[in-house]
Amino acid sequence: MGESTVGKGTLSKGAAGGGGAGGSSGPVSDPFDALPGLAPLRAAAWDDDWAGTQAFFAGIGDCAADVSFAAGLLAGVERTEAYLERAVKALPADPLPRTLLAERYIRIGWRVRSGARAEQVSRDQFAQFHDWLRKAELMLIEVCAEHPEYGPAWTARLLTARGLELGQSEARRRYDRLSEHHPHVFRAQSQLLQQLCPKWSGSWEAAHGFARKTAAAAPPGSPAGALIAEAHIEHWLDLGGAAATEYLRDVAVRNDLRDAAGMSVLHPDHRPGWHSLGGHSAFALVFSLGGHLRDAARHFTALGDTVSESFWQYLPDWKNRFATYRTAASATL
């Protein structure tokens, strides 16, 4: 796997200075603003500029983790499907435009479904959701058949596997095919972790086991340790109420999180990059929820006035909660 020069650097202007509790009125959660290196991709998408989009991904090179990360963010930019469809027609043999368009279709489908529990999603929503995912899956099957080493397509197929309810074995097969060529794609690891949670017919034993095994196998300073934080956040969310609070206050859980942070975003070999935002955000959240504010403080300092809302949005009025926890954590330093 090649090394990306585009994906490296500080989180943002706010993060570079350590922000602290007295920063701006609210955290910057739009990743295109929090991670300045991504700005050219958003600009190209807004302008329906395929050449600019292609140039951005060319700058990433063959780093599957960075390509997949950027592809997932591009998928969230509204109304990009039209220019990506034109790119697919113009470059039918190129795996990149098909993968980016498939990611966009997947995002449209998941938005139709919404984040509600299955029993609260209508039959029509499910039908549209599956239609979009099947369109994406057909393209991705072609890409993976023609380019079996193309990691971003296998990563996207983890999302379709979950949405189309293809089961644990199929999701694991896709992850294993990806790992043959690219063993450390964090977005793929995070997607498989979701599949392994009980809400997708997995188990906590499988979810925590995968997170710990993957983190242990990753290079020191890689983002993989954040999987352990993600697993504990999902477990906390599933428990709810007093049991959830007690779970994260447990000393064994705290120590597990400390070890995970130490091998990943707090390791001396960690180099700030795109995945640092999500890693520090997850650790700041889980330590705060457990009342371990001194542990959370280092992550808030690294974030400054930036944050990934991926897990923070589980909290009601999460931006104010972020500010409250950040202030309390800074007081422990």
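**Overall fold, core and the surroundings of His299**

Looking at contacts (heavy atoms within 4.5 Å) between residues at least 6 apart in the sequence of the chain, 66% link residues at least 24 apart. The structure is a predicted model, where local features need pLDDT of at least 70 and side-chain atom pairs count only at pLDDT 80 or more, while totals for chains, interfaces and linings use all residues. Residues are numbered from 1 along each chain as its sequence is written, and side-chain values use heavy atoms, with hydrogens and water left out.

As for secondary structure, the chain has 19 helices and zero strands (DSSP runs numbered from the N terminus: H or I of at least four residues for helices, E of at least two for strands). The chain's radius of gyration, taken over C-alpha atoms, is 19 Å, close to the 20 Å from the globule rule (2.2 Å times the number of residues to the power 0.38) for 333 residues, so the chain is as compact as a globular protein of that length. Along the principal axes, the C-alpha atoms fill a box of roughly 55 × 40 × 35 Å. Of the 333 residues, 53% count as buried (under 20% relative accessible area, with a 1.4 Å probe and protein chains only).

Now to the inside. In soluble globular proteins, nonpolar side chains tend to be buried together. Here the largest nonpolar core (buried Ala, Val, Leu, Ile, Met, Phe, Trp, Tyr and Cys residues joined through side-chain atoms within 4.5 Å) holds 102 residues, and Phe57, Phe283 and Trp312 have the most contacts inside it. Helix α16 (residues 274-289) supplies the largest share of this core, nine residues. Setting aside residues up to four places away in sequence, Phe57 touches Leu41, Val67, Ala70, Ala71, Leu74, Leu96 and Leu100.

His299 sits in helix α17 (residues 293-303) and is buried, with a relative accessible area of 0%. Once neighbours within four places in sequence are left out, the contacts of His299 are Ala261, Val265, Leu266, His280, Phe283, Ala284 and Phe287.

One of these partners, Ala261, belongs to helix α15 (residues 251-263). Ala261 is buried as well, at a relative accessible area of 2%. With the same neighbours-within-four exclusion, Ala261 is in contact with Leu266, His267, Phe283 and His299. Ala261 and Ala229 lie 32 residues apart in sequence, and their C-alpha atoms are 8.4 Å apart in space.

Notes. Buried < 20%, exposed > 50% of the residue type's maximum accessible area, 1.4 Å probe, protein only.
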